[in-house]
Each structure stands twice: as C-alpha cells, then as structure tokens.
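Thanks, everyone, for making the time this morning. Let me put the structure on the screen, and then I will talk through it chain by chain.

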Amino acid sequence: MTVHQTHTEHIDSETGKLGMWIFLFTELFLFGGLFLVYAIFRAKYSPEFHHAAEELNAFIGTINTVFLLVSSMTVAGALTAMQKGDRRMTLLLLSVTILLAGLFMVNKYFEWSHKFEYGIWPGSPVLKNMPHGELLFFGLYYMMTGLHALHVLVGMVLLSINVVKVRAGSVSSEHYLMLENSALYWHLVDLIWIFLFPLLYLIT
Amino acid sequence: MGNDAQAGYLEYQGKYKGIAGWLLSTDHKRIGLLYLYAIIVFFFVAAFLGLLMRIELIAPGKTIMEPQTYNGLFTIHGIIMIFVIVIPGLAAVFGNFFLPILIGARDVAFPKLNLFSWYLYITGAVLGVMSQFMGSGPPDTGWTFYVPYSVESATSVIWALTAAFILGFSSILTGLNFIVTIHRMRAPGMKWMRMPLFPWALYATAWIQVLATPIVGITLLMVIAERVLNIGFFDPALGGDPVLFQHLFWIYSHPAVYIMILPAMGVVTEIFPTFSQKPVFGYGAIVVSSLAIAFVGYFVWGHHMFTSGMSYYARWFFSFLTFIVAVPSAIKVFNWISTMYGGSIDLKPPLLYAISFIFLFMIGGFTGLVLGALATNVQTHDTAFVVAHFHYIIFGGMGFAFFAGMHYWYPKMFGKMYNYRVANIAWVFNFVGFNLLYFPHFIIGIQGMPRRSYDYLPQFHTGHFISTIGAFILIAGLLLMLYNFIRAGRRGEKAPANPWHGVTLEWKIPSPPPHENFDEIPEITSRPYFFGSKEKANQ
C-alpha cells in the first residue's frame, strides 16, 4: 500500500534504476560539451581534421571497439545469469568483462605511447608547429579519449566491486540493483566509445 | 497528531552520538541544517568581503587596499556567493528539510547520496577558500573565469576551477536525488497535481541542475586542460576561440540563475496562501510557469554575450527568448498578488519578506529586460547597471526569499518562536540598506560607471558614497536578524505545531518534526492550500 522508506531501509530497484538513468544523462551532457567543441572545430578546420585523423591507427581503434562491444554483451549476460541465480556464470562473465576492459586500456596505452614517440602530446613542440586544425584535433583526441579512459577505469573498479559482492552474496538473484546499475554504466562507456570511434578514427 | 513516543529529530539518538550523529546522519532534516550552518558561515564571510569592497569604493582612489587585492576580493566574493551560497542555497537547505515532508515521505530517495553531496559541497567550498592562500595568490578572474585571462593569470585559478567543478558535482547529485524522490516517494493519493508548489519548483530546478551543470563541469575541465596542458581550445594563437568559452560557460550559468530563483519562487508561493488564509491563485499556472521557466531558461544564454560578437540572427533569437522567459515570471507575480487579494492578510515577518521579494524581484526583472534588449544592452553592458540588476535578482530575489523561508519555517525546524518585533526591525534595516546599497548602481551604471572597477571618476562619487552607507545598514540588519534567530534558538518560546495556521503537510506534524517525520504516512485526497472544508477542497 505505501512505500515505507525509512532512513536505513534498502532502496527499491525501480528507484535505484531511475537515479542511475538520470546520472547517465548527466554523463552524456558532460561528453556532450566535448562533442560540441569537436563539431565547431571540425566545421572550422575540415581539411586539417581530415589530415590529422589519418594519423590515428584505425586498426587499433577497431580492435578496441570490438573489445568494448563484446564486453557490453558479457556484462549483459552476467546480469541475466544473476537474475537466473547462476552465480558461477555471473562471476565468469564479469571477469571476462573486466579482462576485455583491461585489454582496451592496454591497447590505449600503446596507442598513446606511440603518439608520444612521434612527439605528439598536448603542448608538445611538434604539435605547436602543426597547423591549428591538427593541433586542435589532437587536443580533442587526448581530451576525449582521456576522459573516456577514465570512465573505463571507473567502470572496471565498479565491476570488480560487483565480483566481490557476488562472492560475498550481497549481490544475489533477489538483490541485483548494484550489478544492474554497474552494467548500465558500462553500456554508457561503450556507447560513448561508439561515437568517439567514428568521429576520431573513421571520418577522415 | 502530536506523538511523544518519538523524540524530535534534534534530540534523536541513532547509531552515532553527539557530533558524529550529525556529521554521519542520513536524516534529510539534519543534512538540511548542515547545509544551513555552512551557508550562514560562508555567507557572512562573503558579505564581509563585499563590505570591504564597498569601503574601498567609498571615495575615488586608494582607500584601504591595493588594486590587486580588490580584484581578488570581487573574485572570491563572487565564487562563494554564487557557487557556495545561492546555487545550493534554498534547494539544499529548505529542499532537503521540507521536500520529503511536503510530499509525505520519510526521507529522500537516496539518503546516503544526500550526505555524500554535503561532503562534496564542503570539499568544494573549502577548496574555494583555500585558493586564497595556496599557490601564487588569490584568483583575480572574477567568478566567470573568462578566457583568455583565466588561462594567463598567474594566480591560483586552478584551485578555484576545481572548487567550482566539485560544487557542480554536488549540485547534480542533489538534483538527481530530488527528481527521484518526487517521482517515487509521494504519499499515496498525492497525484502530480496535488503536490504543493515548493516541491514543484524544486522539481523544475532539479532538472536544470541535472541537465545544465555537466556542461560547466566539462568547460571548467577544458580551462584546467588549457592551463596545464596548453590544449588550445580557447586560445586564438593556437586556433581556438575565446568566445566558445563564453558560450559553454553561459549554457550552464544562465540556467543556473533559474536554479537559484525557482526554489525562491517556490518558497514564497508557500508563504502567500498561508498568510492570506486563502487557496493559492492559479495552481496550474504556477506549475506550468515553473516548468516553462526551466525549459525556456535553457535557451537564453546568448544574452550575456551581445557585445562579444555573434551573428545578427543569433542576437535577435536570444533577445526574443529573453523577453519570452520574462512571461512565466510575470505570471507568477500575478498569481502571488491575486492570492493575497481578498484574503485575510496577516503581516508577519515571513509575509513581509515575501512581499519585499516581489518588489525587489520586479525591479530586478524589469531592468533585466533593459539588458535583454539589443540596443540598450550595448549601452549598459559591463556597467554597474548589470551589477545592480544582478544583485536585485540574486540578493533581492533569492536572498530575501531565503530570509522569508527562514522566518516561515524556523518554528518548524527548531521548534522555537523568534521575536517578531526584532524580526521586523531587522527587516527595515535589510530592506532600506539593500535599496541604498544597490539602487545607486542603476544610476551610475547608466552614466557609464564600469563594473569590477577599483577606481572611478569623481562624478560617480555620490552614488558610491550612498551605496557604501547602504552596505553598513544592510550588514547591521543581517547581524540583527542572525542574532534574533540565535536568541530564539536558546531562549525562544516553544513553537506550536502550526503557528501560522498553514495547511500543507509540514504543519500537521510536531515542531520540531520527529525523526521519521510521520507516524503514519498520510493519505492525500485533495489539492493543497484549501483552508476551508473538505467538500470545498474536492470541487
């Protein structure tokens, strides 16, 4: 009849999910600011963006996209497994998700260090001698992929906490709000990458 | 409905005792008071800094400080007042305390997140203050952090930027919490159109907090990147665009004005029916106008930049929408006046402040149209006229509504009555002092006095002199008001459950409210604000 929420009681699942969805909107707006800046500079410096984008390694980008897409599938699988009460499968799929996220980060590390070898980092002398559009492109590249990588790290931490909680039994087939919200967050991380990938790597 | 079985929330002993019982409490009422105390401390710090600026400006030339000190003062005054006080302000204090009670809930949807928001808030506020003492001197960019100066300034701007970023995050989480609370926690029978109007105002506010704040978050991060990594987005020498920063900044910071003023409107909307003993006039119109302000307010940011370089059509568009957004605000004013019309008006301190809110808000609103019109904007842009308009809206509007809310809900929050006489005297000081302080700025602004200026030409002396006198009177009034509240807390008479004969839910529980607010969650069967019989309420 009434929702008897007190100061200490558990949060019901609909309420928790609504909160998470609103938080995800704020994340979209956070990246939205960067997408806006990208759109403006792309319009202003089209040829230079075109040229700079060719410097990025579309192959590594594609592999990373595959990693993240598969990880979205595995995290969704982990949630379904939890709902069905299969703890072993949940743990397995969560671990695979974290592994894929780790591989993404390793790839990113090599990608960035490769750029550094060419002397391309924000504020570097090489970059300063480039045409303005290319300089801004790389500025955006580092800012966008950097902020995204930070979100991947946060997601990995969240998923790891879930592994601990599933083992401890505090995430179970009755109470899986935490896992569901973490999965939602992970899908957001993927979603943002799905936009970053073509904008930075593919449209040349 | 009084029940002695449950102690008031002020005495309640939970898992933690003493000070930890406050600092670790997830009770929305205690968190509301934590915000209140923090805001009072920071408000008096920033008000005192403002007074120092006024003393400096009492005469042309140097009076008590160096120009660089003055630059630092107006920056930290702005940062504290905007980001630490008025943006969280009414929503964090009264919203936290009364939103759950007004909708018949025991707490907000996410009590722990609520406490976490307060810690983020304190962290941000402390960082902001620390920016004064760390690194290479107090930031001197003004609270707007305009590039290129905020990138070039040698002062510790990064601290202030980080502070604003963290405060923004706190604001987002509070907004998120309120939206979910309103969606999920309303008492049975409280349909959307049976919800009191302060929660409605908070609902509109919360959406702006959630949808606009991330933009300023990323913008501040970009300025930090600009300073640390030389990333070039806003630097013309590297192909960037400083006007782009202004757009991104105002995409948030104009809606932020509505984050400040909407809860203020909500508070006075609660006060007028109670002190007129009459249903609020045009409930539906007030709801719709709150939402309309939140929606249209999102698309008017360009009016801060009419002189920055925008296309003719962009300026036309932003000016037009600025005029449009004035309409719902005016609708609210008509509603408040009509609520009082024919009511049995009881001119107690809360109503006094609420009426002065209308008066000051209207002056602020009309001068806002002067600034929103393209031709007059060019004349008044970056002059003291803007300072006057801004303070009439922010202090005259939001500040006086805050005082109205304090006088209205003080008996409920602390269970004590304050002295009406002292409150009225303090109101006279505040009202007279406020107008003396800011009205001259309209005049010297039109005459050409620039804002943020350390020195001025002799012809502006009279205006500045009157203004400084007003500042002293205002500070005296504020201190008297604070004294009245503190004295009431110590020695005030015990407040009855319903001192003003209000009809919303907070007046149906004891003063101060028990820990869990309600013994039994009430059933709502009609719209709020009906002072007569039940039958009338259902019509």
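Reading chain A from the N terminus, the order of its elements is α-α-α-α-α-α-α, which is to say 7 helices and 0 strands. I should say at once that this is a predicted model, and everything that follows was computed from it. Along the principal axes, the C-alpha atoms of chain A fill a box of roughly 65 × 35 × 25 Å, and 37% of its 204 residues count as buried. If we take the contacts in chain A between residues at least 6 apart in sequence, 77% of them join residues at least 24 apart.

Chain B, for its part, has 17 helices and 0 strands, and its C-alpha trace spans about 70 × 50 × 50 Å along the principal axes. Its radius of gyration is 23 Å, which agrees with the value near 24 Å that a compact globule of 539 residues would have. Of those 539 residues in chain B, 55% are buried, and among the contacts with a separation of 6 or more, 83% are between residues 24 or more positions apart.

Now to the place where the chains meet, where 30 residues of chain A are in contact with 36 residues of chain B. On the chain A side, α1 (13-44) and α6 (132-168) each supply at least two of the residues that touch chain B, and it is α1(A) that gives the most, with 14 residues. By character, that side of chain A divides into 17 nonpolar, 12 polar and 1 charged.

Within chain B, I would like to look at two helices, beginning with α5(B), residues 111-130. Its 20 residues should span 28 Å at 1.5 Å a residue, and the end C-alpha atoms are 29 Å apart, which agrees. Which residues of α5(B) are buried? They are P111(B), N114(B), S117(B), W118(B), Y121(B), G124(B), A125(B) and G128(B), and because they fall within an arc of 135° when seen down the helix axis, they line one face of the helix. As a reminder, an α-helix has 3.6 residues a turn, so residues three or four places apart point the same way. The buried residues of α5(B) are covered by elements of chain B that include α2 (28-56), α3 (67-86), α4 (89-102) and α7 (157-184), whereas the face turned away from the buried side carries the exposed residues K112(B) and Y119(B).

The second helix is α12(B), residues 349-372, whose 24 residues should span 34 Å and whose end C-alpha atoms are indeed 34 Å apart. Here 18 of the 24 residues are buried, so α12(B) is largely enclosed by the rest of the structure.

That leads to the largest nonpolar core, which has 220 residues, and to which helix α14 of chain B (residues 384-414) gives the most, with 21 residues. The residues with the most contacts inside this core are L140(A), I179(B), M260(B), V268(B), F357(B), A401(B) and A404(B). Leaving aside residues up to four places away in sequence, F357(B) touches V268(B), G397(B), F400(B), A401(B) and A404(B).

Finally, a residue in a loop: F145(B) sits between α5 and α6 (149-152) of chain B. Is F145(B) buried or exposed? It has 24 C-beta neighbours inside 10 Å and therefore counts as buried. Again leaving aside residues up to four places away in sequence, F145(B) touches S150(B), L161(B) and V223(B).

Technical notes:
Residues numbered from 1 in each chain as written. Chains lettered and ligands numbered in written order. Predicted model: local features only at pLDDT ≥ 70, side-chain atom pairs only at ≥ 80, totals over all residues. Contact = placed C-beta atoms within 7 Å. Helix = DSSP H or I, 4+ residues; strand = E, 2+ residues; numbered from the N terminus. Nonpolar A, V, L, I, M, F, W, Y, C, P; charged D, E, K, R; others polar. Expected span 1.5 Å × (residues − 1). Buried ≥ 20, exposed ≤ 12 C-beta atoms within 10 Å, placed from the backbone. Arc of directions from axis to C-beta. Rg over C-alpha atoms; globule rule 2.2 N^0.38 Å. Core = buried A, V, L, I, M, F, W, Y, C linked by C-beta atoms within 7 Å.
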